[in-house]
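Subject: Structure for you to look at

Hi,

Here is the structure I promised to pass on. Have a look at it first, and my notes follow underneath.

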Amino acid sequence: MFNSISILTIAIIIAIVFYYSYQQKQQKVKLMILKKEKQEKVEIEKKYQEEQKLLEIEKNYLRELKEKKNNIIYKLQTDKVKYSFYNSDRDLKYSLDYLYKLIVQNNLWINEPFHSKLYELLILLNENEFMIFDRNSQPIKMNIRDHNNQISVSHAYEVFDTIDIIEFTIRDTINDILKYKKYDAQNIILAIFILLLKKSQHYLSKNIFVEIVENLLKDYKYSNEIKNIINLINKENSELSFIKNSVKKAYQRTDTHPYTDYEVSRQLLLDVKLPQKFLQAI
Amino acid sequence: MAYDQIFTHNDEFGVNLKIIPVALNLDKEIYLLHIFEEDLEAKKKYIRNELILVESQILTSTFSDTVHFMEELSLFDIGNNQNKYLDVTEYKNTKNLKLKYDGDKNIFISRSEAKAMYKIFNLAFMGYSVASVLENEFKLTPQVLTKLLHENKLLGN
């Protein structure tokens with residue numbers, strides 16, 4: 001009996017011990033779980049904070065980017081458009097250079113064959129000294145003894161510089177000419193050059209000169225049109241007679257120069273070699 | 001241009017020369033061209049050359065030629081066929097001088113006209129110093145004369 005009781009008590013004690021130990025274990029486990037949970041919580045908070053930090057950094061970065069974006073000035077396409085022109089500064093005298101800029105560069109008339117033909121005429125004027133006889137001038141014949149005591153006869157009279165007359169005429173009429181269609185206007189410009197070149201002389205070679213001028217337009221596409229325009233200019237009361245009036249005005253307003261045929265005539269330079277065009281912005 | 005070959009109208013000492021026409025006979029368009037320098041400080045004018053201009057032709061270009069021309073005028077009919085500038089002609093018993101020049105017209109000079117022209121030629125030297133034209137005559141070249149005529153507006157009408 002005693003044994004059974006003792007066994008029972010022992011069993012109970014053992015059971016109790018077990019129970020306690022079990023409970024302790026349970027508690028430990030619970031504590032562990034709590035700890036873990038705490039740790040997890042802390043970790044989550046940490047993570048959250050880190051994320052927040054990252055977010056803030058990102059936000060700041062984005063804001064900075066935005067600000068930067070607002071401050072950046074994007075370069076526009078500001079390169080000037082380049083056109084192929086001749087180098088008139090180098091090739092031509094000042095007044096011819098002015099004419100080239102007035103006619104070609106201001107209107108962007110770089111279409112061929114007009115552009116090259118005009119430049120050919122400008123170079124021709126530049127290389128040679130063409131002059132137009134002043135009709136108001138009275139040629140004076142001079143019998144003058146030269147260094148060898150020989151009497152030589154020469155003539156003196158007033159001449160206009162052909163370049164001056166062309167420059168005045170075109171400058172005076174360019175606004176009226178530009179009212180015409182592009183190709184007509186270009187032909188009118190060339191017609192003025194030809195008209196005044198025909199009136200010019202190069203020292204005494206007056207007759208040869210008319211032929212040479214006519215040859216200038218031989219292979220030009222619109223040579224017939226130009227001839228018609230010249231006829232129109234010379235006709236009174238025609239649409240283009242304002243050009244003739246302007247030429248008359250040029251004779252009145254331009255200075256004359258003295259000329260004597262005693263001078264050694266210079267060679268006529270007719271072989272015009274066109275230089276290369278190059279791209280140039282205006 | 002042609003004009004750039006004309007150097008200058010100043011003489012070798014840089015003295016500015018002027019040119020003025022003196023009418024000897026307006027009907028026949030015969031002029032004496034005075035070429036002179038002016039000294040404004042000394043208030044003196046020095047003749048440097050004299051030319052004879054007939055219509056639009058300069059007949060004589062040196063002082064000696066000009067004096068020669070005037071003397072032929074002065075001699076009138078005493079001159080003969082050795083005259084350089086004037087021929088003695090006779091028409092209806094009246095003697096005249098005919099100008100030898102390359103013009104379109106025949107220019108005849110009567111005795112009275114010749115006398116008048118000679119008189120004006122002598123009057124033209126009054127007020128000028130003549131010595132300089134003999135010692136230091138300004139030698140003209142066509143270029144210089146052309147420029148001189150241009151600057152004094154004698155080339156235009």
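Two strands are said to pair if DSSP finds at least two bridges between them. By that rule β3(A) and β4(A) are paired, with six bridges in the antiparallel sense. Please keep in mind that this is a predicted model.

Strand β4 of chain A, residues 151–161, is a good place to start. One of its contacts with β3(A) puts A:S152 opposite A:I144. The hairpin of these two strands has five residues between them, and A:N149 there takes a positive phi near 65°. β4(A) also pairs with β2(A), antiparallel and through three bridges; here A:V159 is the bridge partner of A:F133. Then there is β5(A), residues 257–260, which is joined to β4(A) by four antiparallel bridges, with A:Y157 partnered by A:Y259.

The loop between β2 and β3 of chain A holds A:N136. Is this residue buried or exposed? A:N136 counts as exposed, because it has 12 C-beta neighbours inside 10 Å, and the cut-off for exposed is 12 or fewer. Its C-alpha is 9.8 Å from that of A:V159, though 23 residues separate the two in sequence.

Stepping back, chain A is assigned two domains, 1–74 and 82–281, and their C-alpha centres lie 104 Å apart.

In chain B, three strands make an open antiparallel sheet, in the order β5-β6-β7. Its edge strands are β5 (86–91) and β7 (108–109), each pairing on one side only. β6(B), residues 94–99, is linked to β7(B) by two bridges, and B:L97 faces B:I109 across that pairing.

Best wishes

Note on methods:
Residues are numbered from 1 along each chain as its sequence is written. Chains are lettered from A and ligands numbered from 1 in the order in which they are written. This is a predicted model: local features need pLDDT of at least 70, side-chain atom pairs count only at pLDDT 80 or more; totals for chains, interfaces and linings use all residues. Domain bounds come from an automatic or database domain assignment. A residue is buried if 20 or more other C-beta atoms lie within 10 Å of its own, exposed if 12 or fewer, and partly exposed in between; C-beta atoms are placed from the backbone.
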